[in-house]
Amino acid sequence: MLILLCAALTLAGCDQVSARFSRPKTAFDGKAALGYVAEHLKFGPRPPGTPAHEQAGDWIIAEMKKRADTVVVQSWTQTTVHGQRLPLRNILARFRPAAPQRVLYLTHWDTRPTADDDPNFGNRARPILGANDGASGVGLFLALGDVFKKTPPSVGVDLLFVDGEDWGAFDPDSAGNYPDALFGSQYFANHLPSPDYKPLFGVLFDMIADADLQFYQEANSVQNAPEVVAKVWQTAADLGYASYFLSQVGEAITDDHIPLQKKGLRVIDMIDLQYGPLPPVHDAFTTPSPNYHHTMQDTFDKLSAKSLQIVGDVAVMLVK
């Protein structure tokens with residue numbers, strides 16, 4: 001009956017009918033998460049040091065205070081390699097803050113100040129909107145907050161919104177630090193909530209709402225926390241999401257998990273860096289064409305509530 005009905009409807013109508021026959025795998029709401037992304041994007045591009053950045057941070061804090069048991073804000077002034085002084089904030093929303101066993105989830109909430117990979121050279125000095133690269137994780141975390149407020153997780157959960165991830169060059173200095181990017185995760189790594197803070201594991205969520213979703217196993221994560229990669233990918237497989245969480249090891253990516261790994265925390269990177277159309281046959285090292293990463297094309301229309309649902313289901317099941 002469903003097949004005959006779908007055949008008589010438009011493709012969009014068929015999708016709606018099919019959706020009614022599917023059942024949510026957790027209490028996470030992917031449509032709500034996408035709605036939170038849209039709310040976040042109303043502030044426009046959010047590079048540090050701009051009014052939009054300050055307003056977006058205030059909004060995240062206010063929203064998480066409605067959901068979390070405790071919200072901690074880490075504020076500092078960051079000096080860049082070019083001498084710019086940036087007011088930055090990490091936002092730590094804690095659920096079951098007294099629980100000794102904890103899991104750390106993190107995402108960045110800032111956006112890149114320049115679209116330096118845009119194919120149009122005239123756009124390269126402009127700030128990006130960052131729908132996927134910056135806002136998707138924020139939407140995910142607000143929707144996770146909805147779930148955890150209603151049904152507390154089995155362990156303590158820390159949702160960390162880090163600032164200043166995407167500011168400049170991702171080149172390390174001679175000491176292995178990153179003087180022009182990853183500001184928030186480096187600050188958090190050096191200012192942990194307590195001297196003995198050591199979560200059971202951690203997951204970085206970055207660029208997780210691409211409509212063409214696929215996660216390869218990030219190489220630094222496989223090398224430094226293979227048991228966490230195995231746990232996350234097995235959880236996804238148990239949920240029926242193996243086609244989105246692929247077993248192939250991909251690139252080694254410089255991201256917010258690196259400073260935390262250097263502090264001995266077992267944190268992995270869940271990132272879909274292949275952001276754009278892919279050929280029918282591709283692997284972890286195929287470059288999309290066009291590639292929306294760090295371009296003016298990183299916009300809301302590229303995102304999917306289904307992708308957020310998949311990621312949210314996995315995030316909830318990991319701490320259920």
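**Helix pair.** I started with α3 (residues 30-41) and α4 (residues 51-65) in this predicted model. Their axes come within 10 Å and cross at roughly 145°. Which residues meet there? On the α3 side I found Tyr36, Glu39 and His40, and on the α4 side Ala56, Trp59 and Ile60. I sorted the residues of this contact by character: four are nonpolar, one is polar and one is charged.

**Sheet order.** Next I traced the sheet. It is open, has six strands and runs β1-β2-β4-β3-β5-β8, with mixed pairing. Why do β1 and β8 each have one side without a neighbour in the sheet? Strands β1 (70-79) and β8 (267-271) stand at the edges and have a single partner strand each, so one side of each is left free of a neighbour in the sheet. I also checked the twist: ignoring direction, neighbouring strands are turned by 20° against each other on average.

**One pair up close.** I picked β2 (residues 85-95) and β4 (residues 156-162). They pair antiparallel, over five bridges. Opposite arginine 94 I found aspartate 158, which belongs to β4.

**Helices on the sheet.** Then I looked at what packs on the strands. Helix α6 (residues 183-190) touches β1, β2, β3 (102-108) and β4. I noted about 115° between the direction of α6 and that of β1. Helix α8 (residues 226-238) also packs on the sheet, where it touches β5 (201-206) and β8. For α8 against β8 I wrote down an angle of about 45° between their directions.

Technical notes:
Residues are numbered from 1 along each chain as its sequence is written. This is a predicted model: local features need pLDDT of at least 70, side-chain atom pairs count only at pLDDT 80 or more; totals for chains, interfaces and linings use all residues. Side-chain values use heavy atoms; hydrogens and water are left out. Axes are lines fitted to C-alpha atoms, for helices over the stretch in contact, and angles run from 0 to 180 degrees between N-to-C directions. Helices (H or I, at least four residues) and strands (E, at least two) are DSSP runs, numbered from the N terminus. Contact means heavy atoms within 4.5 Å. Ala, Val, Leu, Ile, Met, Phe, Trp, Tyr, Cys and Pro count as nonpolar, Asp, Glu, Lys and Arg as charged, and the others, Gly among them, as polar. Two strands pair if DSSP finds at least two bridges between them.
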